[in-house]
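Please take a moment to look over the sequence and the structure before reading on. The report below goes through a few features in turn.

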Amino acid sequence: MKIGVYPGSFDPITKGHLDIIIRSSKLFDHLIVLISSNPSKNMLFSLEERLFIAKELTKEMPNVSVECHSGLLIDFLMDKDIHYLVRGLRAVSDFEYEFEMALANRWLSSKGVDTIFLMTDEKYFYLSSSLIKQIASLGGDVSEMVPDIVNKKLKEKWKKK
Ligand code: ADP
């Protein structure tokens, strides 16, 4: 069985992420969306919220599951004998970081893990979670760029603050 892992912070999931999930799920027998609980990052959504949202959005996708992980990504893959990572590529600025991470993961896994890159849909070229948080925090409308459930949760967040 060919399994792929799509790792990220997903704080929050955007339509750009969702597009990568849908497209990459067709490349594998099973796709795991892996939410990192890296404590050094300042997240707007808790791990539980990010898990809940991702599970809601993928519940109709039969070969997609959602998990979370802290620590080294490669340990998660090695434990489960998984050999493929999926990442999305947007503007040129993603390239250097992604290139470095892909090489590091290949090296750490003794060439046992390869990263598959999917080019973003042109609609989502400039879309990032941080941009969404910035616009939403100032009261802007992000409904075109995030799934409805995320839009609703963002509104709740800023109402509370
Ligand atoms: P990380 O903190 O690991 O970069 P993100 O949640 O920001 O996690 O992103 C996870 C992955 O999704 C990365 O490979 C990123 O490049 C990709 N991604 C983010 N936004 C988009 C988008 N609009 N289109 C395509 N890929 C995207």
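Helices are DSSP runs of at least four residues, and they are numbered from the N terminus. In this predicted model, K80 belongs to one such run, helix α3. With a relative accessibility of 40%, K80 counts as partly exposed, because buried means under 20%, exposed means over 50%, and partly exposed covers the values in between. Although 77 residues separate K80 from I3 in sequence, their C-alpha atoms are 9.6 Å apart in space.

**Strands and crossovers**

Strand β2, which covers residues 30-36, has six of its seven residues buried, and it is therefore largely enclosed by the rest of the structure. Strand β1 (residues 3-8) pairs with β2 in the parallel sense over six bridges, and within this pairing P7 stands opposite L34 in β2. Between these two strands the chain passes through helix α1 (residues 15-25), and the β-α-β crossover made in this way is right-handed. Strand β2 is also joined to β3 by six bridges, and these two strands run parallel; here S36 has H69 in β3 as its bridge partner.

A further parallel pairing links strand β4 (residues 84-89) to strand β5 (residues 114-119), again through six bridges, and in this pairing Y84 stands opposite D114 in β5. The chain goes from β4 through α4 to β5, and this β-α-β crossover is right-handed.

**Aromatic pairs and a nonpolar patch**

How many aromatic pairs does a search of the whole structure find? The search finds four of them. One is formed by F95 and F99, whose ring centres are 5.4 Å apart and whose planes meet at 35°, so the pair is tilted. Both residues lie in helix α4 (residues 92-108), where they are four residues apart, or about one turn of the helix. F95 has a relative accessible area of 45% and is therefore partly exposed, and F99, at 46% relative accessibility, counts as partly exposed.

Another aromatic pair is that of F125 and Y126, which is edge-to-face, with 4.9 Å from centre to centre and 90° between the planes. F125 is partly exposed, with a relative accessible area of 31%, whereas Y126 is exposed, with a relative accessible area of 67%.

On the surface, L72, W107 and L108 form a nonpolar patch, and together they have about 360 Å² of accessible area. One member of this patch, L72, is placed in the loop between β3 (64-69) and α3 (73-80), and with a relative accessible area of 46% L72 is partly exposed.

**Salt bridges**

Side chains of opposite charge can pair when their charged atoms come close. The structure holds nine salt bridges, and the following table lists some of them with their N to O distances.

| Residue with N | Residue with O | N to O distance |
|---|---|---|
| K157 | E49 | 3.0 Å |
| R90 | D94 | 2.9 Å |
| K123 | D121 | 3.7 Å |

Why can the salt bridge between K157 and E49 be said to tie together parts that are 108 residues apart in sequence? The reason is that K157 lies in helix α6 (residues 148-160) while E49 lies in helix α2 (residues 47-58), so the pair ties together those parts. K157 is buried, with a relative accessible area of 16%, whereas E49 is partly exposed, with a relative accessible area of 24%.

In the salt bridge of R90 and D94, the closest N and O atoms are 2.9 Å apart. R90 counts as partly exposed at 32% relative accessibility, whereas D94, at 12% relative accessibility, counts as buried. As for the salt bridge between the side chains of K123 and D121, K123 counts as exposed, because its relative accessibility is 54% and the limit for exposed is over 50%.

Conventions
Residues numbered from 1 in each chain as written. Predicted model: local features only at pLDDT ≥ 70, side-chain atom pairs only at ≥ 80, totals over all residues. Heavy atoms only, no water. Patch = residues over 30% accessible without salt bridge, like charges linked within 9 Å, V, L, I, M, F, W, Y side chains within 5 Å. Areas by Shrake-Rupley, 256 points an atom, 1.4 Å probe, with all protein chains shown as cover. Salt bridge = Lys/Arg side-chain N within 4 Å of Asp/Glu carboxyl O. Buried < 20%, exposed > 50% of the residue type's maximum accessible area, 1.4 Å probe, protein only. Pairing = 2+ DSSP bridges. Right-handed = clockwise from strand over helix to strand, strands pointing away. Phe/Tyr/Trp six-rings, centres within 6.5 Å; stacked < 30°, edge-to-face > 60°.
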